[in-house]
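Here is a walk through one protein model, from its charged pairs to its core. Keep the 3D view open as you read.

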Amino acid sequence: MPDLAISPEKVGFLIEKAREFDAKEGSTDPDSGSNASDDNMIDVLTDNGDDPVVREITGFINSLSEDEQIDLVALMRLGRGDGAIDEWTDLRREAADGHNSRTASYLLGEPLLSDFLAEGLDQFGLEWGDERTVPAG
């Protein structure tokens, strides 16, 4: 089994945050004008383009080492079915070849990111645990 440069705990943190991001929907009432209590707090699930979860995910990914970012992209692609675990070296090489400063944007553009990361870890036989709410060092 190949080694991962990123810990399952860090991937787990990202899975949780990606699920928070996935729960958001596009703005359905952009000119609301009413207060949150009048709307039964429904606007909390609206993505208004200035999402603190997106900022948190982006900051977290940007703080990872280059090797961790590469493994994160390769892990997402593994979970997406772009290759099998025995093709990890190829998946990782492709991720390394395409590595740039937009890793966070690339990953956030993947609608099923959390599912793909979880599936990728599963193929490694690793568990991420869904009780963690802060990243592991």
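## Charged pairs, helices and core

R80 has a relative accessibility of 31%, so R80 counts as partly exposed. Keep in mind that this is a predicted model. The side chain of R80 meets that of D82 in a salt bridge, at 2.5 Å from N to O. D82 is partly exposed too, with a relative accessible area of 42%.

Going through the model for such pairs gives a count of 9 salt bridges. As a general point, side chains of opposite charge can pair when their charged atoms come close. Three of these pairs are set out here.

| Salt bridge | Closest N to O distance |
|---|---|
| K10 and E68 | 2.8 Å |
| E56 and K17 | 3.2 Å |
| D82 and R80 | 2.5 Å |

Take K10 and E68, which form a salt bridge with their closest N and O atoms 2.8 Å apart. K10 sits in helix α1 and E68 in helix α3, so this pair ties together parts that are 58 residues apart in sequence. Are K10 and E68 buried or exposed? Both are buried.

Now for E56 and K17, whose closest N and O atoms are 3.2 Å apart in their salt bridge. E56 belongs to helix α2 and K17 to helix α1, so here the pair ties together parts that are 39 residues apart in sequence. E56 counts as partly exposed, at 35% relative accessibility, whereas K17 is buried, with a relative accessible area of 9%. Salt bridges with shared partners also join K17, E20 and E56 into one network.

Next, helix α2 itself, which runs over residues 52-63. At 1.5 Å a residue, its 12 residues should span 16 Å, and the end C-alpha atoms are indeed 16 Å apart, so the two agree. Which residues of α2 are buried? They are V53, I57, F60 and I61. Looking down the axis of α2, you find its buried residues within an arc of 95°, so they line one face of the helix. These buried residues pack against α1, α3 and α5 (103-108).

On to the nonpolar interior. In soluble globular proteins, nonpolar side chains tend to be buried together. Here, the largest nonpolar core has 33 residues, and those with the most contacts inside it are V11, L72, L75, W88 and L117. At least two residues of this core come from each of α1, α2, α3, α4 (88-97), α5 and α6 (113-123). Which helix gives the most to this core? That would be α3, with 7 residues. As for V11, not counting residues up to four places away in sequence, V11 touches I6, L72, L75, L117 and L121.

P8 lies in helix α1, which covers residues 8-22. P8 is buried, with a relative accessible area of 18%. Leaving aside neighbours within four places in sequence, P8 is in contact with L121, L126, E127 and W128. The C-alpha atoms of P8 and L117 are separated by 9.9 Å, with their positions 109 residues apart along the chain.

Last, have a look at Q69, found in helix α3 (residues 66-80). Q69 is buried, at a relative accessible area of 8%. The side chains of Q69 and H99 are joined by a polar contact of 2.9 Å. With neighbours within four places in sequence set aside, Q69 is in contact with I61, N62, L64, H99, N100 and T103.

Technical notes. Residues numbered from 1 in each chain as written. Predicted model: local features only at pLDDT ≥ 70, side-chain atom pairs only at ≥ 80, totals over all residues. Heavy atoms only, no water. Helix = DSSP H or I, 4+ residues; strand = E, 2+ residues; numbered from the N terminus. Buried < 20%, exposed > 50% of the residue type's maximum accessible area, 1.4 Å probe, protein only. Polar contact = N/O pair within 3.5 Å; in protein donor to acceptor, adjacent residues only side chain to side chain. Contact = heavy atoms within 4.5 Å. Expected span 1.5 Å × (residues − 1). Arc of directions from axis to C-beta. Core = buried A, V, L, I, M, F, W, Y, C linked by side-chain atoms within 4.5 Å. Salt bridge = Lys/Arg side-chain N within 4 Å of Asp/Glu carboxyl O.
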